[in-house]
Amino acid sequence: MSALDSNALVAVIGAGAMGAGIAQVAAQAGHPVKLYDNRPGAAAQAITGIDRQLGRLVEKGKLQGAAREAISARLQPVEAIEGLADARLVIEAIVENLQVKQDLLRQLEGLCGSDCILASNTSSLSITSLAAGLQRPQQVVGMHFFNPAPLMALVEIVSGLASDPAIAALLYETAKAWGKKPVHARSTPGFIVNRVARPFYAESLRLLQEGAADCATLDALLRDAGGFRMGAFELTDLIGHDVNYAVTCSVFEAFYGDFRFQPSLVQKELVDAGRLGRKSGQGFYRYADDAERPAAAELHSQAHAETCVVEGQLGVMQPLLQRLRDSGVGITERAGTGLIRVGDATLALSDGRLASERARDDGLRNLVLLDLALDYQAASRIAISWSADTSAEARDQAVALLQRAGLKVTGIADLPGLVVLRTVAMLANEAADAVLQGVGSGADIDLAMCAGVNYPRGPLAWAEQIGVGYTLKVLDHLQRSYGESRYRPSLLLRRSQAEGATLLTGSSPV
Ligand code: NAI
């Protein structure tokens, strides 16, 4: 399947933030583009705005002046919808309302040629519902860009029940030709990104609600240990709590109240208070000119850690060993179950149990649990928690060892799975369920999370790195701790572990 010819006329409907961005992308790829909005003058105004954006690219030396002129010349405002009759592809980016979009698609079907492709940029409506009642529902496919469309690489190509796979394939190739990273998705609530990303917000909100640590500390851990660009609180402050909460509620309702997607009372309270984030001046953080960003909590130890004993393989934490060695710590290695002993303390990677529970069940004295890091060689911070009977001296020795390796050490309350491990396990769980249910292939889902929301590693690849069996164990322990279906492990993780299969195989559903 090849991409749409670059001479083919693309029509974009809706000249708001998304429509203008999509029109720019198509024109930059060489297509003649017609932009229409039912607000008089809006399309022409948007094209002036695009030209200004292109001018900035010229100033920065990222675009030639002649190219700017050629792109702008390809963009044509249209004041009456009838002007779109000759389009080969129409992408609608109008208001997010099922009835209004259905009416528009019906009108376009009567207006445009019988082979015209009707794409929708909807982020939450079902493509199946949008196409229902049309004469040619097979020609309706989702083309979900991310904001801002000229900068964000991901495009979800979303197929409804009636969508023609050949048209989905053509739009996939077209998005690629436009310089994007497309993925195929089946039309299910939240498609890929808005579904798989839910636990990223939900786990931090839950940890905050349960007193694990404050917002600044939890954000710092997701950034400095998890490698995410932003923590969940700073990110939802940026997105806007009204928007983020509404997406969570819509996915929760669409899945008939599956507790996996349960919205957070903590976030609801912010919405109720009008603390919508940056745009209202306050969310989890304050954004007044004089507002200071609170610092993340950190433990400091005066103890000295010159040597430690490593018992067995540390699994995903193994690179920490080299880091300790590079910091001059003398290491004795012996057989065992993946523990680090320093002074009276025993350190271990969390497996999703409470520290106190694991200390009791496994007979480990002075237990200190470590969180997951994206890269134990490069991380600048790590979270620890400890058992109720861990002595202050032993904890101090554990902190001293990690400090010696150049890590900032943050203590959090004894909650299952700490912060990064628990978040990543739940992201992988959701991604696995999406694969199991045929929403997308494992490779596409991982790509979507990296290209669409800048995750440092795809959730499924991350689960493979941690070990599918280990990820499953963490989730099993989380579910046992909470007794909630929210933490139930995906059948795909269990099956992959049993079969010794990878999570990243499998072709696209369309
Ligand atoms: P927006 O409110 O900035 O722009 C919508 C434009 O559509 C307005 O200019 C409005 O005048 C026009 N419009 C409304 N009804 C129309 C009709 N019947 N015919 C012609 N024009 C009409 O909205 P935005 O943010 O650009 O979103 C547009 C679509 O893109 C929605 O479906 C939204 O869910 C989706 N989307 C939005 C993202 C975002 O971050 N804002 C990201 C991805 C998708």
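Q: What makes the segment that holds lysine 176 a helix?
A: Lysine 176 lies in helix H6, residues 165–177; helices are DSSP runs (H or I, at least four residues) and strands are runs of E (at least two), numbered from the N terminus. The model is predicted, so local features need pLDDT of at least 70, side-chain atom pairs count only at pLDDT 80 or more, and totals for chains, interfaces and linings use all residues. Residues are numbered from 1 along each chain as its sequence is written, and side-chain values use heavy atoms, with hydrogens and water left out.

Q: Why does lysine 176 count as partly exposed?
A: Its relative accessibility is 45%. Buried means under 20% relative accessible area and exposed over 50%, with partly exposed in between (1.4 Å probe, protein chains only). Lysine 176 therefore counts as partly exposed.

Q: What makes the approach of aspartate 37 to the ligand a polar contact?
A: An N or O atom in the side chain of aspartate 37 is 2.6 Å from an oxygen atom of the ligand. A polar contact is a pair of N or O atoms within 3.5 Å, so this pair qualifies. For asparagine 121, the side-chain N or O atom is 3.0 Å from a ligand oxygen, and for asparagine 147 a polar side-chain atom lies 3.3 Å from one.

Q: Which classes make up the shell around the ligand?
A: The shell divides into ten nonpolar, eight polar and four charged residues. Asp, Glu, Lys and Arg count as charged; Ala, Val, Leu, Ile, Met, Phe, Trp, Tyr, Cys and Pro as nonpolar; and the others, Gly among them, as polar.

Note on methods:
Polar contact = N/O pair within 3.5 Å; in protein donor to acceptor, adjacent residues only side chain to side chain.
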